[in-house]
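Me: Please take a close look at the surface of this model. Tell me what sits there, and what lies beneath it.

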Amino acid sequence: MLKCQLHHPPGNEIYRDNEISIFEVDGPRCATYCENLCFISKLFLDHKTLSFDVEPFLFYVLTEWDENGAHFAGYFSKEKESQ
């Protein structure tokens, strides 16, 4: 069985305080990763519409660090060009 070699989300770490980090992930650069984040949300929100158009969004991923790397704790997204 293959193991994932990633130790943190793709994108730029924009904040760190002890073992908490926030990564900014650009929708078009990491489309599959961002689509998977949307699928996770759909598990908890019945009214969430699934859209495979992640390009106009930035995703902010909250992680907790330990000796094995960063672990997903939550995320939110916002439009790049909101009017």
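Reply: Helices and strands here are DSSP runs, H or I over at least four residues for a helix and E over at least two for a strand, numbered from the N terminus. By that reading, the chain holds one helix and four strands. Their order from the N terminus is β-β-α-β-β. Keep in mind that this is a predicted model.

The frame comes before the surface. The C-alpha trace spans about 40 × 35 × 25 Å along its principal axes. The chain has 83 residues, and 23% of them are buried.

Start with the nonpolar part of the surface. Ile40, Leu43, Phe44, Leu45 and Phe72 make up a nonpolar patch there. Together they offer about 530 Å² of accessible area. Helix α1, residues 31-44, supplies the largest share of this patch, with three residues. Isoleucine 40 is placed in helix α1. Its relative accessible area is 34%, so isoleucine 40 is partly exposed. That value also clears the entry rule for patches, which asks for over 30% relative accessible area.

Isoleucine 40 also gives a reference point for the end of strand β4, which covers residues 69-79. Glutamate 79 belongs to that strand. It is partly exposed, because its relative accessibility is 42%. Along the chain, glutamate 79 and isoleucine 40 are 39 residues apart. In space, their C-alpha atoms are separated by 19 Å.

Now the charged part. Asp17, Glu19, Glu64, Asp66 and Glu67 form a negative surface patch. Glutamate 67 sits in the loop that joins β3 (57-66) to β4 (69-79). Its relative accessibility is 72%, and exposed means over 50%, so glutamate 67 counts as exposed.

Another loop, between β1 (12-17) and β2, holds asparagine 18. This residue has a positive phi of about 55 degrees, although it is not a glycine. Asparagine 18 is exposed, because its relative accessible area is 63%.

Where do opposite charges pair up? The count comes to two salt bridges. One of them joins glutamate 13 and arginine 16, with the closest N and O atoms 2.8 Å apart. Glutamate 13 has 36% relative accessibility, so it counts as partly exposed. Arginine 16 has 47% and therefore counts as partly exposed too.

Lysine 80 and aspartate 26 form a salt bridge as well, and here the closest N and O atoms are 2.6 Å apart. This pair links distant parts of the chain, 54 residues apart: lysine 80 is in the segment after β4, and aspartate 26 is in strand β2. Lysine 80 is partly exposed, because its relative accessible area is 35%. Aspartate 26 has 21% relative accessibility. Buried means under 20%, so aspartate 26 still counts as partly exposed.

Strand β2 also takes us beneath the surface. It covers residues 20-26, and serine 21 is in it. With a relative accessible area of 0%, serine 21 is buried. Phenylalanine 59 is 38 residues away from serine 21 in sequence. From C-alpha to C-alpha, the two are 13 Å apart.

The cysteines complete the view of what is covered. Cysteine 34 is buried, with a relative accessible area of 0%. Cysteine 38 is buried as well, at 9%.

How many disulfides are there? A search of the whole structure finds zero. A disulfide is a covalent bond between the sulfur atoms of two cysteines. To count as one here, the two sulfur atoms must lie within 2.5 Å. For cysteine 34, the closest cysteine sulfur is in cysteine 30, at 6.0 Å, which is too far for a bond. For cysteine 38, the closest is the sulfur of cysteine 34, at 7.3 Å, again too far for a bond.

To draw the surface together: a nonpolar patch includes Ile40, and a negative patch includes Glu67. Beneath the surface, the buried residues include serine 21 and cysteine 34.

Technical notes:
Residues numbered from 1 in each chain as written. Predicted model: local features only at pLDDT ≥ 70, side-chain atom pairs only at ≥ 80, totals over all residues. Heavy atoms only, no water. Patch = residues over 30% accessible without salt bridge, like charges linked within 9 Å, V, L, I, M, F, W, Y side chains within 5 Å. Areas by Shrake-Rupley, 256 points an atom, 1.4 Å probe, with all protein chains shown as cover. Salt bridge = Lys/Arg side-chain N within 4 Å of Asp/Glu carboxyl O. Lys, Arg positive; Asp, Glu negative; His and termini not counted. Charge placed at Lys NZ, Arg CZ, Asp CG, Glu CD. Buried < 20%, exposed > 50% of the residue type's maximum accessible area, 1.4 Å probe, protein only.
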